[in-house]
Amino acid sequence: MALSNNTGTYYRTIRNTCLFANIAYIFLRLIYLVIFIVSKAYALIWIDVISILVYLFCFFLLKKRKYYIYALLCGNEYFVFIITTTIMLGFNSGFHLYLIGLCVVSFFTTYFSKNKNIKGSIAWVGLSLIIYLTLYFITRFNQPLYPINEIVEMVLFVGHAFIAFFYVAFYLVIFVKYTLSLEKKIMNESRTDELTQIANRYGLYDYFNQEEHKESKVLALFDIDDFKLINDKYGHAAGDYILKRVAELSTATLPGSFVCRYGGEEFVTVVNSDNYFETLENLRKTFENEVFEFEGKEHKITITIGATVYEKDMTLEKWVSSADERMYLGKNSGKNKVVI
């Protein structure tokens, strides 16, 4: 089954983020392994080896798309790792700073999870704060099990501060980029007619507000003549087919011009004022000569077009209304014509 663009982006974001994070975790654990060996912190060496094996196993989880299990496993592993390293090396080693970054990760995980239960993230933050303060008081009144060189201690603290802020920035950047892509998609969908896949009237509003050369434009409102008869006689499926074909033919006949479905069987196009009558007359003839075939039956349609040249300081509503008046003059005088 093919994934929609939105679903594909969703899974790519999760997969790529998790893969990058997992590789980074293993890389960090290898660095720690060297530090622990140099510092002769034997208990931490074994803990670190187990952590590396856990993250190697995580590649299997990611391949199977077990993202929730992956997040749960990594989060708990980090809690254990932070607690043991802080107690054994001291508060000044900075391992506790990971807790700040993990708070951001927890909200990121919640956003991309299926149930999106924010209570879990809030509980995670509360637990992180409790662990943070507990580690502070434990290390304040107890000497580290493995005292380390002051320079190594300083390097670890600065490195962990950098990593904690990088966590925050990295996951927030991904979150913001994904959110912006969703906003853009939603904006595009809200400006696109679902049936015909051309702009709708909201797209027309955007076009009007963004167009800087309206003085050289003509707005034409056109309507399918006797469209209700098609729906009544042949059904709405036939009507929908004709609406889609009208959109396709309009955009093909008017390249470079704005075309939208204004509502129902009404369409709007904005064309250049040079030779606009010939342009609109060509559009009218295109539909007059076209044969629409649906489910083995042929249909002929005509359109009536009302057009108005843009006048200075004219609102969109006035522009459309003026074209609408001309279109109905054409409707009441025989249909299948262009009225300027």
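Helices here are DSSP runs of H or I that span at least four residues, numbered from the N terminus. That goes for every helix label in these legends, and the model they describe is a predicted one.

**Figure 1. E281 and R284 pair up inside helix α10.** Here we're looking at α10, which covers residues 276-289. E281 and R284 both sit in this helix, three residues apart, or about one turn. Their side chains meet in a salt bridge, with N and O 2.5 Å apart. Both partners are buried. For R284 the relative accessibility is 9%, and since buried means under 20%, R284 makes the cut.

**Figure 2. R284 has a second partner, E288.** Staying in α10, the view shifts to R284 and E288, four residues apart and again about one turn of the helix. The two form a salt bridge whose closest N and O atoms are 3.4 Å apart. E288 is partly exposed, at 30% relative accessible area, whereas R284 counts as buried.

**Figure 3. Helix α9 holds a salt bridge between E248 and R245.** The closest N and O atoms of this pair are 2.7 Å apart. E248 and R245 are three residues apart in α9 (residues 236-253), so about one helical turn separates them. E248 is partly exposed, with a relative accessible area of 43%. Side chains of opposite charge can pair when their charged atoms come close.

**Figure 4. D223, D225 and K331 form a salt-bridge network.** This close-up shows the three residues linked together by salt bridges. Searching the whole structure turns up twelve salt bridges.

**Figure 5. Helix α7 keeps one face buried.** The helix runs over residues 201-210, and its buried residues are G203, L204, Y207 and F208. Looking down the axis of α7, these fall within an arc of 140°, so they line one face of the helix. Turned away from that buried side is the face with the exposed residues N209 and Q210. What do the buried residues of α7 pack against? The answer is three strands and a helix: β1 (217-224), β2 (258-263), β3 (266-272) and α11 (316-331). At the start of α7, N200 joins in, with a side-chain oxygen that comes within 3.0 Å of the backbone nitrogen of Y202.

**Figure 6. L254 sits in the loop between α9 and β2.** Loop or not, L254 is buried, with just 3% relative accessible area. Which residues does L254 touch, leaving aside neighbours within four places in sequence? The contacts are V259, T269, V271, T279 and L283. For a sense of scale, take I151, which is 103 residues away from L254 along the chain. The C-alpha atoms of those two are separated by 72 Å.

**Figure 7. The largest pocket has a volume of about 900 Å³.** It's lined by 32 residues, and the closest to its centre are Y67, Y68, A71, T109 and S113. The elements giving two or more residues to the lining are α1 (5-38), α3 (67-89), α4 (98-111) and α5 (118-141). Helix α3 makes the largest contribution, with eight residues.

Definitions and conventions
Residues numbered from 1 in each chain as written. Predicted model: local features only at pLDDT ≥ 70, side-chain atom pairs only at ≥ 80, totals over all residues. Heavy atoms only, no water. Buried < 20%, exposed > 50% of the residue type's maximum accessible area, 1.4 Å probe, protein only. Arc of directions from axis to C-beta. Contact = heavy atoms within 4.5 Å. Polar contact = N/O pair within 3.5 Å; in protein donor to acceptor, adjacent residues only side chain to side chain. Salt bridge = Lys/Arg side-chain N within 4 Å of Asp/Glu carboxyl O. 1 Å grid on protein atoms, 1.4 Å probe; cavity = no way out; pocket = protein on both sides within 12 Å on 5 of 7 lines; lining within 4 Å. Points joined across faces, edges and corners; volume = space filled by probe spheres on them.
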